[in-house]
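Got your viewer open? Let's take a walk through this one together, a selection at a time.

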Amino acid sequence: VQISFKTFDGKTHEVEAEPGATIMEIARDNGIEGIDADCGGQCACATCHVFIDAEWQSKLDERSEMEGDMLECSTIVRATSRLSCQIPVTPALDGMVVELPEFQE
Ligand code: FES
């Protein structure tokens with residue numbers, strides 16, 4: 001499954017991802033800058049914040065209540081905001097573009 005990470009500096013990093021891992025883990029394991037993931041994937045820190053276009057959002061599970069609550073606390077939240085640790089990689093996500101914010105907060 002190929003996932004493209006677009007970092008804030010405008011660079012695109014294409015990464016081969018195994019289904020089962022989360023987008024946060026894929027980014028972290030490939031040294032993609034822009035994700036802190038302080039809580040290690042517990043949906044408790046919101047420092048794995050990413051933006052995913054509506055076109056791809058429709059292929060994802062909806063935000064859980066907890067994910068929505070975490071994102072609401074963020075000042076950089078957009079309609080396309082997601083927590084990358086809550087998104088498991090599936091074959092349906094082949095080619096997905098994940099945009100990273102300038103910083104996590
Ligand atoms: Fe902490 Fe995703 S890693 S909420």
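Here is a tour that goes from the whole chain down to single residues.

**Stop 1: the whole chain.** Show everything as a cartoon, and keep in mind that this is a predicted model. You should find 3 helices and 5 strands. Follow the chain along its sequence and the pattern reads β-β-α-β-α-α-β-β. The radius of gyration is 12 Å, close to the 13 Å that the globule rule gives for 105 residues, so the chain is as compact as a globular protein of that length. Its C-alpha atoms fill a box of roughly 30 × 30 × 25 Å along the principal axes. If you switch on contacts between residues at least 6 apart in sequence, 70% of them join residues at least 24 apart.

**Stop 2: β1 and its two partners.** Select residues 2-6, which make up β1, and then 12-16, which make up β2. The two strands run antiparallel, with 5 bridges joining them. To see one of these pairings, pick Ser-4: its bridge partner in β2 is Glu-14. The hairpin leaves 5 residues between the strands, and there Gly-10 takes a positive phi near 90°. Is β2 tucked away or in the open? The number of its 5 residues that are buried is 0, so β2 lies largely in the open.

Now add β5, residues 96-99. This strand pairs with β1 in the parallel sense, over 4 bridges. Lys-6 is a good place to look, since its bridge partner in β5 is Glu-99.

**Stop 3: the two faces of β5.** Turn on side chains for this strand. In a regular strand the side chains alternate between the two faces of the sheet. Here, Met-96 and Val-98 point to one face and are buried, while Val-97 and Glu-99 point to the other and are not.

**Stop 4: the core.** In soluble globular proteins, nonpolar side chains tend to be buried together. The largest nonpolar core in this model has 22 residues, and the members touching the most others are Ile-3, Ile-23, Met-24, Ala-27, Ile-35 and Val-98. Colour those six, then look at which elements supply the core: β1, α1 (23-29) and β5 each give two or more residues. Which of them gives the most? That is α1, with 4 residues. Zoom in on Ala-27: leaving aside its neighbours within four places in sequence, it is in contact with Phe-5, Ile-32, Ile-35 and Ser-84. Across the whole chain, 29% of the 105 residues count as buried.

**Stop 5: two odd backbones in a loop.** Most residues other than glycine have a negative phi, and most peptide bonds are trans. Head for the loop between α1 and β3 (49-51), where you will find Cys-43. Its phi is positive, about 60°, although it is not a glycine. Ala-46 lies in that loop too, between α1 and β3, and its phi is also positive, at about 65°. How do their surroundings look? Cys-43 counts as partly exposed because it has 15 C-beta neighbours inside 10 Å. Ala-46 has 24 inside 10 Å, so it counts as buried.

**Stop 6: out to Ser-58.** Finish in the loop between α2 (54-57) and α3 (65-72), which holds Ser-58. Buried or exposed? Ser-58 is exposed, because 8 other C-beta atoms lie within 10 Å. Draw a distance from its C-alpha to that of Thr-47: the two are 11 residues apart in sequence and 23 Å apart in space.

Definitions and conventions:
Residues are numbered from 1 along each chain as its sequence is written. This is a predicted model: local features need pLDDT of at least 70, side-chain atom pairs count only at pLDDT 80 or more; totals for chains, interfaces and linings use all residues. A nonpolar core is a set of buried Ala, Val, Leu, Ile, Met, Phe, Trp, Tyr and Cys residues joined through C-beta atoms within 7 Å. A residue is buried if 20 or more other C-beta atoms lie within 10 Å of its own, exposed if 12 or fewer, and partly exposed in between; C-beta atoms are placed from the backbone. Two residues are in contact if their C-beta atoms, placed from the backbone, lie within 7 Å. Two strands pair if DSSP finds at least two bridges between them. The radius of gyration is taken over C-alpha atoms; the globule rule is 2.2 Å times the number of residues to the power 0.38.
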